[in-house]
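Student: I would like a close look at one part of this model, namely the packing in its interior. Please take me through it in one connected account.

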Amino acid sequence: MEKLEKPVRVSPRGAATRSALLEAASHVFRTVGFDRAGVSQVVAHAGASVGSLYHHFTGKADLFIALYEDFQQRQQDRTREAVARARAEGETDPNRLMNTAARAYLEGCIEEREITWLFFSGDSPPGFEATMRTRLREWTDRNVALFRKADEPVDEALLLVVSGSISLAVSEVVCREDPDDARALADEVVDRLSRLTPPRSE
């Protein structure tokens, strides 16, 4: 029989230290960039020690990835909540649900513009772009699972097109300094995507 792994227990103090280090890393990376940032700057901003950083993370690249993973989880939560609200209001069309998810994703990028820009700026650890592509595929797969609960089957090729388009749109949306301008662009992107329809089955 396969042994179940015991969950790793983190003390409240350890969790607080980890959170402080992530907040400090976010600030330092956004201020000076990932490449120029140093571990000493992060721990100084967090009021922690170098030892405590290496207790929770393997280095600054690990900090960067952890920030991205946390962001992606928030984005997944936003997507799920937006789709759940739409369903509660009676929406069942999988394409409209897909666009609802896309708009929620873009809105999250606008709300967290500074941290989103960090991930799309190109100043990142080696291999990070591959990680982003993997997470996009995972986000797509989760959406497929969500939309399969709808009354009609979802066109997975269309979902891939939407997901890829959203990835490109994010880099443009976060460049807009005016949030209203960014939201207007997001609305235009989703409007164009809403005009894409899956082929009719013969």
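Tutor: Leaving aside neighbours within four places in sequence, Leu106 is in contact with Ile166, Ala169, Val170, Val173, Ala186, Val189 and Val190 in this predicted model. Leu106 and Ile166 also appear, together with Phe29, Val42, Leu53, Leu63 and Phe119, among the residues that touch the most other members of the largest nonpolar core, which holds 45 residues. The elements that give two or more residues to this core are helix H1 (12–32), helix H2 (39–46), H4, helix H5 (94–111), H6, helix H7 (128–147), helix H8 (156–173) and helix H9 (179–194), and the largest share, seven residues, comes from H8. In soluble globular proteins, nonpolar side chains tend to be buried together.

Phe119, another of the core residues named above, belongs to helix H6 (residues 113–120), where the buried residues are Ile115, Thr116, Leu118 and Phe119. Seen down the axis of H6, these buried residues fall within an arc of 150 degrees, so they line one face of the helix. Just after H6, Gly122 adopts a positive phi of about 90 degrees.

Ile166 brings the account to the largest pocket, since its lining includes Ile166 along with Tyr68, Gln72, Tyr105, Phe120, Met132, Arg133, Leu136, Trp139, Ser163, Ser167 and Leu168. The volume of this pocket is about 210 Å³, and the elements that give two or more residues to its lining are H4, H7 and H8. Of these, H4 (residues 60–88) has 29 residues and reaches 42 Å from its first C-alpha to its last, close to the 42 Å expected at 1.5 Å a residue.

Methods. Residues are numbered from 1 along each chain as its sequence is written. This is a predicted model: local features need pLDDT of at least 70, side-chain atom pairs count only at pLDDT 80 or more; totals for chains, interfaces and linings use all residues. Side-chain values use heavy atoms; hydrogens and water are left out. Buried means under 20% relative accessible area, exposed over 50%, partly exposed in between (1.4 Å probe, protein chains only). Helices (H or I, at least four residues) and strands (E, at least two) are DSSP runs, numbered from the N terminus. The arc is that of the directions from the helix axis to the C-beta atoms. The expected span of a helix is 1.5 Å times one less than its number of residues. A nonpolar core is a set of buried Ala, Val, Leu, Ile, Met, Phe, Trp, Tyr and Cys residues joined through side-chain atoms within 4.5 Å. Contact means heavy atoms within 4.5 Å. On a 1 Å grid over the protein atoms alone, a cavity is a set of points where a 1.4 Å probe fits but cannot get out, and a pocket is an open set with protein on both sides within 12 Å along at least five of seven lines; lining residues have an atom within 4 Å of a point. Grid points are joined across faces, edges and corners, and a volume is the space filled by probe spheres set on the points.
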